[in-house]
Amino acid sequence: MQIRWDQQYAQRTSRMSSSAIRELLKLTELPDVISFAGGLPAPEVFPVEKISAISQRLLQEAGPQALQYSATEGYRPLRELLAQAASQDGAPVTVDNVLITSGSQQGLDLLGKVLVDEGDTLLAESPTYMGALQAWAPYGASYVTLPSDDDGLVLDDLEAVLQKRPKFIYILPNFQNPSGRTLSLARRQYLIEATTRYGIPIVEDDAYARLRFEGDQLPSLISLVVQQSSDDTGYTGHVIHLGTFSKILSPGIRLGWIIAPAQLISKLVQAKQGTDLHTPTLTQMLAYEMVRAGHVEEHIPLIRNVYRTRRDAMLAALSEHFPADVTWTHPQGGMFLWATLPEEMDSSKILEEAVQEKVAFVPGVAFHPCGGGENTMRLNFSNASPEKIHEGITRLGQVLSRQKSAAR
Ligand SMILES: Cc1ncc(COP(=O)(O)O)c(C=O)c1O
């Protein structure tokens with residue numbers, strides 16, 4: 001007898017929907033489409049030769065260890081190194097506060113597994129990272145959102161929301177995905193002060209912090225926490241910090257980390273054991289050797305230069321080819337910018353026509369957990385060359401102008 005798999009699925013899978021947008025985005029992967037839709041780093045900046053040389057040496061010198069099972073918490077020297085870096089940034093982090101994850105996406109999933117009960121309300125930015133919404137949907141998260149402007153999350157209504165005690169706040173303080181916006185220092189300080197007063201945790205997803213190519217670096221939220229008490233397990237604050245090697249080394253090695261109080265790390269370790277036992281030993285040792293040899297630090301300026309050039313190419317092309325009543329953000333780093341069309345325009349419809357013209361982006365609705373954003377779009381500038389960016393934005397500008405005159 002044929003099995004009807006859809007009748008076998010667990011109830012939570014009903015919340016894992018694949019949207020019309022996702023179906024449309026599959027078309028953007030066709031080879032001749034200029035895609036501003038993905039969130040891919042530029043492959044040209046991967047340090048392939050250094051990774052190759054270090055991998056070879058690693059396998060020669062410590063092959064059996066690199067190929068063996070290892071601790072769920074992660075490769076200790078790498079955890080120590082990340083703890084040191086966080087401490088230098090101002091948070092009193094020890095090795096017990098660090099869990100290595102298989103990408104920060106796994107960090108999001110593990111936090112959902114450990115913290116989110118069906119019906120829990122989370123406070124998120126609007127727009128916010130779609131991957132977090134996907135990670136937490138099966139656990140039954142619901143959302144309350146606050147809007148953002150050029151200084152990041154707008155906090156005017158924060159206290160009113162905190163009084164309703166959301167389970168935690170999810171925030172991307174630097175060059176946010178999708179908007180490219182950065183939370184100002186004053187708002188960081190107020191956010192930490194208010195959440196400390198109310199005792200509401202913050203999940204700080206800081207995937208892009210190192211990709212600043214303009215302006216001054218701002219302190220991370222975790223570094224602004226004033227510890228109420230300290231013990232020999234180090235950091236005890238209310239900010240959970242997520243980091244990743246995906247944007248500064250390579251996303252294919254699937255390596256991220258969580259910094260959190262040791263008690264929470266122990267629970268996350270139990271959750272991770274059920275998921276994948278541990279993150280691959282080989283890539284953890286590789287990342288450790290790359291950082292220790294200084295290859296990651298010396299590589300970051302190259303990434304920043306390439307992305308700055310591409311952002312500038314996109315900003316210039318937008319000014320030249322987009323209709324005058326479209327606005328967009330001017331990110332000081334990261335990989336994305338965010339365009340807002342006139343109210344009456346629908347970016348999902350525009351995508352349908354854009355794909356015919358072989359250019360793509362992600363419609364803004366996908367990033368709004370409570371609806372809205374129909375007239376917005378996310379544009380990725382890290383993955384296409386400046387020439388392709390110019391060509392793609394020209395085509396997109398033509399589609400926008402056509403749709404505007406058809407609507408008149
Ligand atoms: C804000 C944010 N968080 C998490 C991730 C997941 O990254 P990874 O799992 O590669 O570390 C991404 C990827 O684009 C992201 O933009």
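User: Where is the place of Ser246?
Analyst: Ser246 sits in the loop between E8 and E9, where the labels follow DSSP runs, with helices (H or I) of at least four residues and strands (E) of at least two, numbered from the N terminus. This is a predicted model, in which local features need pLDDT of at least 70, side-chain atom pairs count only at pLDDT 80 or more, and totals for chains, interfaces and linings use all residues. Residues are numbered from 1 along each chain as its sequence is written, and side-chain values use heavy atoms, with hydrogens and water left out.

User: Is Ser246 buried or exposed?
Analyst: Ser246 counts as buried because its relative accessibility is 7%; buried means under 20% relative accessible area, exposed over 50%, and partly exposed in between, with a 1.4 Å probe and protein chains only.

User: And which residues is Ser246 in contact with, leaving aside neighbours within four places in sequence?
Analyst: Those are Pro41, Pro251, Arg254 and Leu255, where contact means heavy atoms within 4.5 Å. As for distance in space, the C-alpha atoms of Ser246 and Gly256 are 7.5 Å apart, although 10 residues separate the two in sequence.

User: What surrounds the ligand?
Analyst: The residues around the ligand are Gly103, Ser104, Gln105, Tyr129, Leu172, Asn177, Asp205, Tyr208, Thr244, Ser246, Lys247 and Arg254, a residue being near a molecule if one of its heavy atoms lies within 4 Å of it.

User: Which side chains have an N or O atom listed with a distance to an oxygen atom of the ligand?
Analyst: For Ser246, an N or O atom in the side chain is 2.6 Å from a ligand oxygen, and for Lys247 the corresponding distance is 2.9 Å. Ser104 instead offers a polar backbone atom, which is 2.7 Å from an oxygen atom of the ligand. Polar contacts here are pairs of N or O atoms within 3.5 Å; within protein, one must be able to donate a hydrogen and the other to accept it, and residues adjacent in sequence count only if both atoms are side-chain atoms.

User: Changing topic, in what order do the strands of the sheet come?
Analyst: The open sheet has 8 strands in the order E2-E9-E8-E7-E6-E3-E4-E5, with mixed pairing, and two strands pair if DSSP finds at least two bridges between them. Its edge strands are E2 (98-101) and E5 (152-153), each of which pairs on one side only.

User: How many bridges join E8 to E9?
Analyst: There are 4 bridges between E8 (residues 239-244) and E9 (residues 256-259), and the two strands run antiparallel; Leu242 stands opposite Ile258 in E9. Helix H10 (residues 262-276) packs on the sheet, touching E2, E8 and E9, and its direction makes about 25° with that of E2. Such angles run from 0 to 180 degrees between N-to-C directions, using lines fitted to C-alpha atoms, for helices over the stretch in contact.

User: What about E3 and E4, how many bridges there?
Analyst: E3 (residues 121-126) and E4 (residues 142-149) run parallel and are joined by 6 bridges, with Ala124 opposite Thr145 in E4.

User: And what do E4 and E5 form?
Analyst: E4 and E5 make a hairpin with 2 residues between them; the two strands run antiparallel and are joined by 2 bridges, and Ser148 stands opposite Leu153 in E5.
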